[in-house]
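Dear colleague,

I am handing over a structure for you to look through, and below it I have set out what was found. Please read the notes with the structure open beside them.

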Amino acid sequence: MKIAAVFALTFLTSLPLAFAQESDEANAVLQTERDLATAYLKSDAGGITQGVMEDYTLTDSMGKITTRADDISEARKNDPKYEIFENYDMKVRLHGDTAVVTGKTHTKGVSGGKPFDFQFQFTDTFVKDGGRWRLLAGHVSKLPSKPSTD
């Protein structure tokens with residue numbers, strides 16, 4: 001009976017530590033997500049290179065698949081030029097060295113000389129690579145435009 005009590009006490013006292021570690025990892029993933037949004041906003045090819053895996057792919061809302069090289073090229077050309085690139089309502093799920101982030105993104109800017117203003121629902125998959133979280137794959141679905149209040 002004493003062994004069971006000691007085991008239970010050990011287990012219960014270790015729970016806060018486990019939750020704290022998971023919370024730290026979740027915060028690190030969300031910070032990586034925010035850093036990447038800033039890199040895209042600023043057309044920072046180096047930030048994109050650092051935060052995105054070499055074999056990264058994004059499936060957009062039209063079913064088109066783009067790669068890390070495509071994103072870096074767009075950043076270097078500064079097209080699209082973002083005025084807003086903001087993620088919100090984000091939730092992260094951790095599974096070892098893999099994390100899935102779901103959320104919404106608001107993008108606004110100019111692409112090919114034409115203005116845009118879109119909202120997307122996204123799912124991003126991150127992997128821990130060399131001790132840091134990096135984006136491996138993403139998928140976005142365009143959300144319906146909000147009706148004008150004019």
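A pocket here is an open set of points, on a 1 Å grid over the protein atoms alone, with protein on both sides within 12 Å along at least five of seven lines, and its lining residues have an atom within 4 Å of a point. Grid points are joined across faces, edges and corners, and a volume is the space filled by 1.4 Å probe spheres set on them.

This is a predicted model, in which local features need pLDDT of at least 70 and side-chain atom pairs count only at pLDDT 80 or more, while totals for chains, interfaces and linings use all residues. Residues are numbered from 1 along each chain as its sequence is written, and side-chain values use heavy atoms, with hydrogens and water left out.

The largest pocket holds about 900 Å³ of space, and among its 32 lining residues Leu58, Tyr82, Phe85, Phe120 and Val140 lie nearest its centre. Strand S5 (strands being DSSP runs of E, at least two residues, and helices runs of H or I, at least four, numbered from the N terminus) gives the most to this lining, with five residues.

The second largest pocket has a volume of about 170 Å³, and its lining, which includes Asp35, Leu36 and Trp133, takes its largest contribution, five residues, from helix H1.

Leu36 is also in contact (heavy atoms within 4.5 Å) with Val52, which, leaving aside neighbours within four places in sequence, touches Tyr40, Arg68, Arg134 and Leu135 as well.

Best wishes
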